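Got your viewer open and a selection box ready? Let's take a walk through this one stop by stop, picking something new to select each time.

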Amino acid sequence: MPATVEIKHLSVSYNGTNVVKDVSFEMPAGKVTAIIGPSGCGKTTLLRSINRLSELTKNCRVQGEIMVDGENVLKMDTVLLRRKVGMVFQQPNPFPKSIKENVLYGIKAAKIKTDHSDIVKSSLQKAVLWEELEHRLNESALNLSIGQQQRLCVARSLAITPEVILMDEPASALDPVSTLKLEESIQSMKGDVTLVIVTHNMQQAKRVADYTAFIYRGELIECNETEKIFANPDRSETRDYLEGKFS
Amino acid sequence: MSNLFANQAPLLRTKTAPAAAALIASAGIIYGLVLCCINSLETFAVSFLAVLLAAILALWTFVRMAVKENDRGLLVTGAACMTAIIIVTVMPEGLPASFHVYRSFVAAALIIGLCVATLCSAVYRLLGSTPVAFDNSRYPILILPIVIALISYGMILFVLCLNGLPQISWQLISTPYDPANAALRGILNDILGTFMLMLLTSIISLPVGVGAGIYMSEYGGRIAGIIRFSTMLLRAMPVVVLGLAAYGVARMAYDTAWQGILAPDPTIMIGRGTFLLASAFLSLLVIPVITRATEEGLRSLPRDLREGSLAVGATEGYTLLHVLLPWSLPNILTGLLLGCAEVAGNVTVIVLLCGFGNYGVTPFTEATSLAHFIYKVMFADRSFRMSMGNYVYAVSVILLIITLGLTIVYLVLRNKFAERYRAH
Amino acid sequence: MRRSWPRALSFMLGIIPVLLLLLVIGVAVWFSSLTFYRVGWGELFSFYYQNYRQGGWWEFGLLPSIMGTLYVVLLALAISLPVSLAIAVYASEYASGAVGRVLRTILGTLAGIPPIIYGLTSFIFLGFFVSPSFTRVKTVVDLAAPPLHPILDQQKSAILGGIMLALMIIPFMAPLIDEAIRNVPARLKEASLALGAGKWHTIGHIILPHALPGIIGACALGCFKAMGDLIIVAFTCRSNGQLPQPWWDVSNLSPLTGTIGWLSGILYPALLGKNDLTLSVSYFSTLVLLGMALIVLGLATLLQRWFRKKYTA
């Protein structure tokens, strides 16, 4: 079941410097929301505070509210939260285990008893990986190509049926063909899960996202439907950024 | 895909049973620790294990009734508890000392282990059975060994200070020892000897270690492989091998041209060695440390610094003296501090070389050191024990001040330079 | 290739440890030569050991002592490995930054305690599993007036030896394991946490397997230190080289170092310089010990290589 993510007056600071400043917007259930902005503007920090991975960083303070499916994230059990909100990272980071073990890692960690082979198949199918890997399930995941590894990471986070999946520049390490395949799998997930994609590739945002938020220097400049933003943005900063006047 | 977490077990609301089990388990941990000190308490071991078993089963039943969940971990703990009861009952008590010894040992280990397992499970239930509660309930497994270890170290230091500090006097520190003169009963030469050993060892091992480190990291090849292998071997070498080899060299040097350099001149016993010989063998402990420090330092050298120096036309020698060595010098010196602490505390290597230090402290006299003083009192010489035995704890405290002081300085300096040497 | 002076100088200095190593082994072989023709290999590697203190003729079976070394070292590792793991995991994963730093500093400092201090204070732990007649907790009064009785006649126990050796090697093992854990790539840890695995599960399934080469290295180091230690063994274990009767009798178990100390006269000064044969056998025993250390080194290197290959691409 996809869930709505609502961010209300969110501020994040590292060592006293504000990285995200009073950001509020909503990511609708079952849709793809892209967060764009120049590098170092706080996109990744914002994303990591949704599943509270930001807490791993020392001296990080999060203020405000993040609601996933009406529940305040900051008051939830972190493990239960992360089972609801999966994440795919910038660099593909499969575990040094077999492909099958990688996909089933979350299931086994949560000690859920279900039909494992079913889950492996359906998750790999959604990540557009099943045809390639059907007969290689017991091989080490480290032998895969970078693009396959990244899609395996997508499949891995799909296996525990999350409500939201966060993607932190998922295509930045990939070549164009792998990027296309990844976008294909994003399309196939749409509707089953709420997707939040951080990217600095505007074309990619245009291709996959239903909604787009533009963040600059830790502040939310504009958030709207993708077509509206790209065709006719409300704010001049957005237009300048999209036209490449600064980055 | 339907949500896998839809029918998850409900959380536990009432807490009486887990609290009771946690209480019994913590009592058991304390009992197990006391059992280590008072072996005769083992007569209560079986009855306590029975109580623990009851608590485990009660907790399991409670979990089963309250949240309809079969806690398999508790069942395993219960089965282990049954086995422990059988083991402790079957093990004979009584006449042969070692049987008795084993019974306490086994009983204490089993009780502490089982109690920690039960405590973890009970705390997990007590905190509400959430996944984060599971992580937090593992604290006892980590904390308990740490606390026991730290208490042990604390006891060692406490006993040394308790017995040693009152014995330390200026007279003790400032008088040399002379077996012939009852008025001269001090450890001045032992203290000076310890510093002499550290000094000579540093002088020997610093150039050798740095040279080996530079050769290995800068030049490579077959010879570098041999040097690497031998420093690895030195690191793995049991120290007693070095001790006997040093004794062998001292024996061989006796009555040859080397007497006076390796074996002290007024020889009382064949096999005694000079400070120089002792330091040469002690430096085998320090060389691997310095070699590694040099290599680490050089490896962390930013590439552009080295290439920059060569690019402006500096010779290899100039680069070595002005770029490589200055960069890794702090790392080498902190490594040397650690080596010196080891030298000051080591007895095994110099155990047969040292005398009483009554011939003075120069590189070519009979070696002696503070650490060796303790060995002399405890093992070597009955008359020495009679006259100096009371000061053994005072000497230990002085030795500890030197070695711990060196390690603390090492830690402070290493933290200061850590940023610089983080590998690039 | 042009020979430069730095190369020549560092070569000359770097070759010195190799020569010293050869010297050490050469001396040991030279002095044990008497053993080779006075004592047969069959006798050396047998269980028959007798010393003249017990009225018999010298017989030098080393297997009881080798067994004793195995026992003591394994016991020391069995105690120190869990404690070091607990310290490392706690300091790097569970504790807050400040607590972890304090713990690391304390442990780093404790590494400076010399082995002889552990030996000297082993009487504090003497009541632990050692003396059946010991029925009361040592009070502060007891600790303030410790016995200086002749150590050779003190209550001995290999368990006490194992405990003291473990205390000695923990400050060396824990920082190595700690470093190995901190070197586990953060991206793997994050991936595991982001998949809804708890901290404990992540430690068990991702961090520790990845840190395994480092843990093996730490164990090997602890092994070398425990194997070669003579002084703690002298204070805590019986050093007569006998086969204990029955074989699990820990109060009568001697590690190889204890036997070396006894035969060479380190722990029995009346024998020092008196008997060439016992001295020669003690040199041979150091060679045996060196061989055991080499076996451990080889095994550790192989295992490390194997695991490193398994956990990296």
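## Stop 1: where chain A meets chain C

Select chain A and chain C together: four residue pairs, both members at pLDDT 80 or more, are in polar contact across their interface. Keep in mind throughout that this is a predicted model.

Now colour the side of chain A that touches chain C by element. Helix 2 (78–84), strand 6 (85–88), helix 3 (99–109) and helix 6 (146–158) of chain A each give two or more residues to it. The largest share, four residues, comes from helix 3 of chain A. By class, this side of chain A divides into 14 nonpolar, five polar and six charged residues.

Next, show sticks for C:Glu190 and A:Arg48. Their side chains form a salt bridge, with 2.8 Å from N to O. One salt bridge is what the rule finds across the interface of chain A and chain C.

For the whole contact, select 25 residues on chain A and 20 residues on chain C. Together the two chains bury about 1800 Å², with carbon and sulfur atoms giving 67% of that area. In chain A, click on A:Phe95, A:Pro96 and A:Tyr105: they lose the most area to chain C, together 28% of what that side buries.

## Stop 2: a short helix in chain A

A:Arg48 is also a good handle for the next selection, helix 1 of chain A, where it is one of the buried residues. Select residues 43–50 of chain A to see this helix, in which seven of the eight residues are buried. Those seven are A:Lys43, A:Thr45, A:Leu46, A:Leu47, A:Arg48, A:Ser49 and A:Ile50. After the helix comes A:Arg52, and if you check its backbone you will find a positive phi, near 60 degrees.

## Stop 3: chain C and its contact with chain B

Hide chain A for a moment and look at chain C by itself. Its secondary structure comprises 14 helices and two strands. Of its 313 residues, 59% count as buried. If you draw a contact map for chain C, residues 24 or more positions apart make up 73% of the contacts with a separation of 6 or more.

Bring chain B back. The contact between the two chains takes 100 residues from chain C and 96 residues from chain B. How much area do chain C and chain B bury between them? The figure is about 9000 Å², with 81% of it on carbon and sulfur atoms.

For the polar side of this contact, look for nine residue pairs in polar contact, both members at pLDDT 80 or more. There are also two salt bridges between chain C and chain B. One to show as sticks joins the side chains of C:Lys225 and B:Glu342, at 3.8 Å from N to O. On the side of chain C that touches chain B, helix 1 (residues 5–31) of chain C gives the largest share, 18 residues. That side of chain C has 76 nonpolar, 18 polar and six charged residues.

## Stop 4: the largest nonpolar core

Now select B:Ile187, B:Phe281, B:Ile374, C:Ile116, C:Ile117 and C:Tyr118. Within the largest nonpolar core, which has 189 residues, these touch the most other members. Helix 8 (residues 158–182) of chain C contributes the largest share of this core, 16 residues.

Zoom in on C:Ile117. Beyond four places in sequence, C:Ile117 touches B:Ile156, B:Leu160, B:Ile374, B:Ser396, B:Leu399 and B:Leu400. For a second, separate core, go to chain A: this one has 45 residues, including A:Leu104, A:Ile119, A:Leu124 and A:Ile165.

## Stop 5: two residues in chain B

Select B:Ala236, found in helix 9 (residues 221–236) of chain B. Is B:Ala236 buried or exposed? B:Ala236 counts as buried because its relative accessibility is 3%, and buried means under 20%. Its contacts beyond four places in sequence are C:Phe224, C:Ala293 and C:Leu297.

Finish at B:Glu366, in the loop between helix 13 (316–345) and helix 14 (370–380) of chain B. B:Glu366 is buried too, with a relative accessible area of 2%. Its side chain makes a polar contact of 3.4 Å with that of B:Arg272. Expand the selection around B:Glu366 and, leaving aside neighbours within four places in sequence, you will pick up contacts including B:Pro264, B:Phe275, B:Leu353 and B:Tyr359.

Methods. Residues numbered from 1 in each chain as written. Chains lettered and ligands numbered in written order. Predicted model: local features only at pLDDT ≥ 70, side-chain atom pairs only at ≥ 80, totals over all residues. Heavy atoms only, no water. Core = buried A, V, L, I, M, F, W, Y, C linked by side-chain atoms within 4.5 Å. Buried < 20%, exposed > 50% of the residue type's maximum accessible area, 1.4 Å probe, protein only. Contact = heavy atoms within 4.5 Å. Buried area = accessible area lost by both parts, 1.4 Å probe. Salt bridge = Lys/Arg side-chain N within 4 Å of Asp/Glu carboxyl O. Polar contact = N/O pair within 3.5 Å; in protein donor to acceptor, adjacent residues only side chain to side chain. Nonpolar A, V, L, I, M, F, W, Y, C, P; charged D, E, K, R; others polar.
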